[in-house]
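User: Please take a close look at one part of this model, the nonpolar residues and what surrounds them. I would like one connected account.

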Amino acid sequence: MTSIKQPGEKNLMLFSGRAYPELAEEVAQHVGVSLTPTKLVDFANGEIYARYLESVRGCDAFVIQSHTRPINQWIMEQLIMVDALKRASAKRITVVMPFFGYARQDKKGRGREPITARLMADMFKTAGADRLMSIDLHTSQIQGFFDGPVDHLFAMPVLESYLKNKLDLASTTVVSPDTGRVRLSERWADTLGTPMAFIHKRRDLDVANSVKVSEVVGKVRGRTCVLIDDMIDTAGTICKAADALYEQGATNVIVAATHAVFSEPAVDRLKNSRISEVIVTNTLPLPETSRFDKLTVLSIAPLIARAITEVFTDGSVTSMFEGDT
């Protein structure tokens, strides 16, 4: 079955690009449909061709593509898929991007810089997207960049469920690796019923991925610390934060993050660090070369599938996280 129909010919169809078909297949299984057959090929010069092998007229289309390496290719492919759906008369197009590419460039820190998160939103709107769906955006303000509904999903319930079963919460502290993650860490601390700490850091604005850790603020001595972040790129921030926590007397440091970007030399840094466990979700594909003994990967597919179902049936996505009716 490649679609779900409701009275009035409401019709859900799920589409996947080539960046991460395994996640799309898993989401499709949870939704209860098959991925719609799609022809995606590259021309000799690198241009991308897309064509759907079934009629999509009048459907409620969900296009899944996680922005992994080579990130520009997969973003362009998803844009082309959206354009093809618009021109094939899909009724509503929802772009599902578990990892939102270019989300870190969400404001101008200095003159003559781009705001590429806004550019991304504009491109998908121009291509024909009616709605965006993503998980743990780098900053919540990105929701306002898109002229239409944005479903901002949170991986926190998935990660917290795992951690609750293995932590002694009485001796645990949730730690934000920087001031930008304090609000997220507060939500974690409130849900788990633990104290919260944060690390003040400085970045070298002239060197990408360069971090200088300054000081730890909060109760961490003699406690298990859970470092919370939205993504791990080169792992410089997380590893330096872990070192700072151990220097302040933490007995154990665990990392929980949504997006395992794992650019070089992240894997080596994490393997050789004092961090006892790195917990991530599968919003991005992880080849065997990026896996190591301390790594735990949790599936985000059930969360995405439920959000897709809520959107399709005009339900409440917010209720998935806040219990609203």
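Analyst: In this predicted model, a convenient place to start is Y49, which is partly exposed because its relative accessible area is 30%, and partly exposed covers the range between the 20% limit for buried and the 50% limit for exposed. Y49 belongs to strand 4, residues 48–52. Together with V41 and F43, Y49 forms a nonpolar patch on the surface, and the three have about 240 Å² of accessible area together.

The interior comes next. The largest nonpolar core has 44 residues. L14, V27, W188 and I308 are the ones with the most contacts inside this core. Helix 8, residues 301–312, supplies the largest share of the core, 8 residues. Leaving aside residues up to four places away in sequence, W188 touches M156, L159, E160, L163, V174, I228 and A256. Another core lies apart from this one; it has 32 residues, including A61, I93, A103 and A129.

One of the residues that W188 touches, A256, is also touched by D229. D229 is found in strand 12, which spans residues 224–232. With a relative accessible area of 9%, D229 counts as buried, because buried means under 20%. The side chain of D229 makes a polar contact with the side chain of R181, at 3.2 Å. Again not counting residues up to four places away in sequence, D229 touches P177, R181, I238, A256, A257 and T258.

Definitions and conventions. Residues are numbered from 1 along each chain as its sequence is written. This is a predicted model: local features need pLDDT of at least 70, side-chain atom pairs count only at pLDDT 80 or more; totals for chains, interfaces and linings use all residues. Side-chain values use heavy atoms; hydrogens and water are left out. A nonpolar core is a set of buried Ala, Val, Leu, Ile, Met, Phe, Trp, Tyr and Cys residues joined through side-chain atoms within 4.5 Å. Buried means under 20% relative accessible area, exposed over 50%, partly exposed in between (1.4 Å probe, protein chains only). Helices (H or I, at least four residues) and strands (E, at least two) are DSSP runs, numbered from the N terminus. Contact means heavy atoms within 4.5 Å. Patches are made of residues with over 30% relative accessible area and no salt bridge: like charges are joined within 9 Å, nonpolar side chains (Val, Leu, Ile, Met, Phe, Trp, Tyr) within 5 Å. Accessible areas come from the Shrake-Rupley method with a 1.4 Å probe; for residues, only the protein chains shown count as cover. A salt bridge is a side-chain nitrogen of Lys or Arg within 4 Å of a carboxyl oxygen of Asp or Glu. A polar contact is a pair of N or O atoms within 3.5 Å; within protein, one must be able to donate a hydrogen and the other to accept it, and residues adjacent in sequence count only if both atoms are side-chain atoms.
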